[in-house]
Amino acid sequence: MAELLKHDVVIVGGGAAGLRAAIAVAERNPSLSVAVVSKIYPMRSHTVSAEGGAAAVIKGNDSREHHIYDTISGADWLADQNAVELFVDEAPRELTLLEHWGCPWSREPDGSIAVRPFGGMKIERTWFAADKTGFHMLHTLYQTALKYVPITWYDEWFATKLLLDKDRCYGVVAIELRTGAIRGIVGKAVILCTGGAGRVYPFTTNAITKTGDGMALAFRAGVPLKDMEFVQYHPTGLPGTGILITEAARGEGGILVNKDGYRYLQDYGLGKPLDVHDPRHPVKRTMELGPRDKLSQAFVMEMRKGRTLKGPYGDYVLLDIRHLGEKKIDEKLPFVRELARNYAGIDPVYEPIPVRPVVHYMMGGVHTDVDGKTPLPGLYAAGECACVSINGANRLGSNSLTECLVFGARAGHHAAEYVGSAPDPDSSALEQQVRDEADRIRKQFLERTEGERLVSIRKDMQNAMEEGCGIYRTEQSVQAALNKVEECRERFQRVVLDDHTNSFNTELIAALELECMLDVARALCQAALERRESRGAHQREDYPARDDEKFLKHSLAYRTADGVKIEWLDVVITKWPPAERKYGADSGLPSEGGNKS
Ligand SMILES: Cc1cc2nc3c(=O)[nH]c(=O)nc-3n(C[C@H](O)[C@H](O)[C@H](O)COP(=O)(O)OP(=O)(O)OC[C@H]3O[C@@H](n4cnc5c(N)ncnc54)[C@H](O)[C@@H]3O)c2cc1C
């Protein structure tokens, strides 16, 4: 008989969102038993690699209106404004809480919290711990979570399916990687905190674990994925590896130049170099500190004009931080120096760093409300796998770590309340689902001896996504990508593994991850196909303008028997009606007329 491991709340994911949610449940109701299920040891979650920082209003020159406005305009008006208001209001408290739990935020000489500028944020509000912010935040959350006895840790367990009963969610089916055992981990509420899906693309900053598993699990259970067409390219990845050179490098004063040494961003409506020195203008954040979508798009334009450099890994431009000097680089950007030395073979104290845009973040994800609730009772989601939405068509750097805390905590609190009122599941029905899933995995992957190996399918999917759903798209290119993804799904039905063993079968995990990515990719393509406008990170060359009349709406992708179906949901506008996004001298801060409430 299939064994059910019983808890009250099951959290899938041990990154910032998952750990924050676990602490929230434990604090809200210490009598609840919490399971944290993670396919890797929690401290290895992708959160650990975040470098730049986390945004929250803390300084006297800043205000909630500024943070809200930057986020909404950065999102090209596709963010839900009630969610953004709530996020901005709760952000300072969450970051302060982390301070109390031991997070070593970097300081000003007077001992107050230091903040740095970040792209699209027109005022400095990004808290940081040197350039290893994610590591310190995750460590703080992990050591705090460890002290709660009701939390049971399922490290290196891989969730493959949601358990459902009477239209509610009651846990997950998961494989224990050490033994290959397949079990049901049961709870009256499940919080998905499984992170993003950058690995759907070939060139990404994302860890190999970021394969959209939670998104796919929810999608298969009938929960819609929201705004999947919005994929963030970060403008400064190292060619070849995709390793990120944090925006903090530009926040600290780094500049981007083309093959002629020219600061090309001034040609793309992002202000002029002179702005920074103009005392009459209060807003100094321009050019290199424009939002990521616009910087990545400017790179493609430079490339088309033949003004980029050519290397073994394609076109690139140069990120120059030499003028900051060795002392500042070592103090504020030590990791940037280490990465550039190890992975580009250059020392940025003496040479500029080669960079190009790289897939970095999914604005879309599992459709939730501001409490992390999905349309499926008992199922919650938070962090990068969720779409609340505060990020709209383009996330601002450093909002995401804070988002994991704010909405991880809210999802935890609401799940803790919900389990008190949820009915008990029918255990035998859940056991049957665990047995069925174990049979499926055995037959589909472990017993098959002939078929196609998974690597070629994965590569074909990734290349099709880059070609068809990259920085710029057309109807034709997206359709071609979708056709290829559907072909890959067909081929996946015949996938064969070389490894048929039970213990640490990493090939089996790679197959299950590919299955998830194929679901995520087709939702992404279908939404990209049907959004016939250009907004934020979704740039359609055949529909170059933003179309608020038709598309000031979230896309909701549903999995149906006849393919992916898209529905549309109105964006919540509270006080900030759609306006033109402006960067540079005329940047449209609320005080300058952007807020016409
Ligand atoms: C290189 C890099 C730098 C970044 N820098 C910044 C920054 O400076 N500021 C900022 O705000 N944002 C930054 N981001 C974005 C931000 O770090 C992420 O969006 C955020 O950390 C995601 O956290 P998460 O908790 O949602 O997911 P993750 O940290 O990705 O954790 C996902 C968890 O889910 C688990 N999981 C996934 N699938 C399964 C499964 N099937 N079964 C069991 N467990 C599963 C994993 O084991 C893991 O524990 C950066 C991202 C990258 C890639």
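**Exercise 1. Place His360 and list its surroundings.**

Step 1. His360 sits in strand β17 (a DSSP run of E, at least two residues, numbered from the N terminus). The model is predicted: local features need pLDDT of at least 70, side-chain atom pairs count only at pLDDT 80 or more, and totals for chains, interfaces and linings use all residues. Residues are numbered from 1 along each chain as its sequence is written, and side-chain values use heavy atoms, without hydrogens and water.

Step 2. Is His360 buried or exposed? His360 counts as buried because its relative accessibility is 12% (buried is under 20%, exposed over 50%, 1.4 Å probe, protein chains only).

Step 3. The His360 side chain makes a polar contact with the Thr205 side chain at 2.7 Å (N or O atoms within 3.5 Å; within protein, one able to donate a hydrogen and the other to accept it, and sequence-adjacent residues count only if both atoms are side-chain atoms).

Step 4. Beyond four places in sequence, the contacts of His360 include Asn206, Tyr233, Arg292 and Glu384 (heavy atoms within 4.5 Å).

**Exercise 2. Describe how the ligand is held in its shell.**

Step 1. Find the ligand nitrogen pairs. Backbone N or O atoms of Lys39 and of Ala159 each lie 2.9 Å from a ligand nitrogen. For a side-chain N or O atom of Asp213, the distance to a ligand nitrogen is 2.8 Å.

Step 2. The protein covers 98% of the ligand's own 1000 Å² of accessible area (Shrake-Rupley, 1.4 Å probe).

Step 3. Which element gives the largest share of the shell? Helix α10 does, with 4 residues.
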